[in-house]
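Hi,

Here is the model I promised to pass on. Have a look at it first, and then read my notes below.

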Amino acid sequence: MMELGKLIKVVLLGILNVVFIWTALFLYGIQAYWILLLLLVGAALINYVFISEKAYPYRYLLPASFFMILLVVYPILYTVYVSLTNYGTGNILSKEQVIAQLQDRRILDADAGNYSYRVFRDSTGQLWFLFADPQGSLLLGYEGKLEAVTEEEASARLAGFSELARAEVVRATNELSALSFALDEVSYLQMRNIYSFGVYRPQYQYSPERDELTDLESGIVYTPVLGYFQAPDGTRLTPGFREVIGLGNFRKLFANPQVTGPFFRVFLWTVEWALLSVGCTFAVGLFLALLLNDPYLRLRKFYRGILILPYAVPAFISALIWRGLFHTELGVINRILKATIGSGVPWLQDPFWAKVALVILNLWLGFPYMMIVCLGALQSIDNEMYEAAVVDGASPWQQFSHITLPLLMVSVAPLLIASFSFNFNNFSVIYLLTRGRPPIVNAQTPAGHTDILISYTYRLAFESGRGVDYGLASAVTLVIFLITGAITFLNFRFTGELEEVRKNV
Amino acid sequence: MYRRHTLFGSIWRHAVLLIFVAFALFPILWVLSASFNPANTLVGQSLIPRNPSLDNYREVFTSEQYPIAGWIRNSVVIGLITSTLVVVMTAFAAYAFSRFRFRGRRTGLFASLLIQVFPQMLAAVSIYLLVLSIGRIIPALGINTHAGLIMVYLGGAMGVNAWLMKGYFDTIPSSLEESAMIDGASPFQAFFMIILPLARPILAVVFLLQFIGTYSEFILASILITSTEKYTLAVGLQFFIQDQYASRWGVFAAASVLGALPIVILFTLLQKNLVTGLTSGAVKG
């Protein structure tokens, strides 16, 4: 049995190594050297872990750690990096790409006039141009070069070539406009319109040694400042490039009033939302659990079975259904309200009512969980406590507040904190019901009255009409990470799970 | 603290419970009713449909523009594969954390605690770029593939689950494996044949939680999957309804009912186990 196990291990490791070698060759072929290096390190590690007896425990950890490092740890580190950059609309490209793009910009020398042209194709398919400059002198253009010719020379050189008719020129516009012919060191001929070529020269020249961009016309020198090429007077060339800008995003978050204002509003609502969600679901859940724990109540199983149902429906489906029910004109809730009290409620248009709708939805989604949890906790409380309390003459309320609640809290409090941090980041409910709407007016960043931090961040990164801002979004992500991290840490302190870790080592 | 009820006490208790029963059932019944209502509109729906029909369900299975049945199948398949792989991988990792003493164990435990706090969806940009470049090397794992999506889910699933399982393994006495190893079993055999069968309840909990989580996830899925027929239900259902509640209500209701079924069935089957898992700290997604 042992021997068979070893054999299987060796064969599997062999197959894995064949895959590694094949991938390595492929990576070498496409010159992805960094990934190749990572692959080799990884392959060496895997072989070591599976061959060395000392590394035995790591075999069990390998698959899980692999996926966790690749798909969680690496993205986290990348997020930290992006939060220190200006990555976003206007600063998407790398510096090299921006320089190349700016160097491609050209200006037309209008004084040089228009060059009329005829175009011919030789038997190999190559294009030949016969240009006439504004004074009437002829130039023969081919392979990017120009050559002054007389009329006789031209007709001799072009003999046997077929001239393109106007219609053919129109069809070949893309091909023709991609061509350019150098006139001198800087300027060149390029197609201006269907009838003529013009004299162009590049607008900017980049000097790699000094890392400057010079406007050849005005002579203004642009130097790279925080992701843009900038003139001494502060004018910036667009597009900007992606660059590490240090703590700029965090500074913006806490010091720019137009960003900070909405950010703190969103933050405040996030805390309110998490507290309201936990408070409401816990109050209702505990109340129902107290009722259902009563041995004298009939139909307990029936009630419990029905009341648990909302929990069995996937939350994204429930949220979409509730959005239909809350529909202002046609939704059933407003129809009932109109029939009973005479008027509906602007559920998703008014900031206050949108928040109410969210809390109702989250109550529906969450109270069964709290009910189950409280039922479990209630059942573990020893009945003798109550018997002793009754002997001492305690009222039901005193029994509840002095026995039930404190004992319940011991096991339920950590779950309440976990539920708080879950709702703190409860993206799907917010996104599916209100999308953060209605919007806050006058905010520089896209923020809505019902946005919580995580949905706000999502919109910053992916949905802003004014362009995306990955840098700022990543900065907010890290703030969220810190807050939930702190809450979780407190929770583990509370339950002693950290001590568990320490003790176990 | 409980006493026999007076008549009044009995009445108010049942009245209160019935109010909450109504609250819990109201959306469910309303959608069930809409799914059988041939009118397919939010306007003028009544709780008991006048001419019940299966038209909406037929539409779910036959619509070519919105292959809803296909989306449900995608979600179920992706959910099953992801949860199975997660259960296997986490069981291995949790077993190592529970039984072996090795360098980096403490760091590993702390790291998995810390990492579960980070919302994976917020790293969507870098995950997208990562999957894009993986796809250049291994096209089968690239953008717009279910395999690539499953791979991303595997990464995000470790933290909580590893802790849940480790906690359970800790409660199984290690003398069981020791005696098996005296009888000649390898450590792996002891784990596979002794511990795993005993840990079945927690494996079920992790499987169910992971399945529900994967089934409901829509951010990463909407970023990584680009063609309509490959959508999962959580992405497709939003794409289908957009804001067209007025005109697509009936089909949407039928799709919701069918889409909720896999979870409701699993939930009912594994409910007992789930309650144990929940009281030890898991939160359903």
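Below is what I found, going from the ground rules to the interface, then chain B, then a few spots in chain A.

The ground rules first. This is a predicted model, so to speak: local features need pLDDT of at least 70 and side-chain atom pairs count only at pLDDT 80 or more, while totals for chains, interfaces and linings use all residues. Residues are numbered from 1 along each chain as its sequence is written, chains are lettered from A and ligands numbered from 1 in the order in which they are written, and side-chain values use heavy atoms, with hydrogens and water left out.

**The interface**

Chain B and chain A bury about 9500 Å² between them, and 79% of that is on carbon and sulfur atoms. Buried area here is the accessible area (1.4 Å probe) that two parts lose on being put together, summed over both. The contact (heavy atoms within 4.5 Å) involves 104 residues from chain A and 106 residues from chain B.

On the polar side, the rule finds 1 salt bridge across the interface, meaning a side-chain nitrogen of Lys or Arg within 4 Å of a carboxyl oxygen of Asp or Glu. B:Arg13 and A:Asp294 form a salt bridge, with their closest N and O atoms 3.6 Å apart. On chain B's side, helix α1 (residues 7-35) gives the largest share of what touches chain A, with 16 residues. Helices (H or I, at least four residues) and strands (E, at least two) are DSSP runs, numbered from the N terminus.

**Chain B**

Chain B has 13 helices and 0 strands. Its C-alpha trace spans about 70 × 70 × 35 Å along the principal axes. Of its 285 residues, 56% are buried; buried means under 20% relative accessible area, exposed over 50%, and partly exposed in between (1.4 Å probe, protein chains only). Among contacts in chain B with a separation of 6 or more, 71% are between residues 24 or more positions apart.

Two residues to click on:

- B:Thr232 sits in the loop between α11 (219-224) and α12 (233-241). B:Thr232 counts as buried because its relative accessible area is 6%. Leaving aside neighbours within four places in sequence, B:Thr232 is in contact with seven listed partners, including B:Trp71, B:Asn74, B:Leu149 and B:Glu217.
- B:Leu198 is in helix α9 (residues 187-198), and it counts as partly exposed because its relative accessibility is 43%. Beyond neighbours within four places in sequence, B:Leu198 is in contact with B:Tyr168, B:Ile172 and B:Leu176. The C-alpha atoms of B:Leu198 and B:Ile172 are 8.0 Å apart, with their positions 26 residues apart along the chain.

**Chain A**

Helix α13 (residues 332-341) of chain A has A:Val332, A:Ile333, A:Asn334 and A:Leu337 buried. The buried residues of α13(A) pack against α12 (315-325) of chain A together with α1 of chain B. After α13(A) comes A:Gly342, with a positive phi near 95 degrees.

A:Val11 lies in helix α1 (residues 2-29) of chain A, and it is partly exposed because its relative accessibility is 46%. A:Val11 also belongs to a nonpolar surface patch of about 650 Å², along with A:Leu4, A:Leu7, A:Ile8, A:Leu12, A:Ile15 and A:Val19.

Cheers

Methods
Patch = residues over 30% accessible without salt bridge, like charges linked within 9 Å, V, L, I, M, F, W, Y side chains within 5 Å. Areas by Shrake-Rupley, 256 points an atom, 1.4 Å probe, with all protein chains shown as cover.
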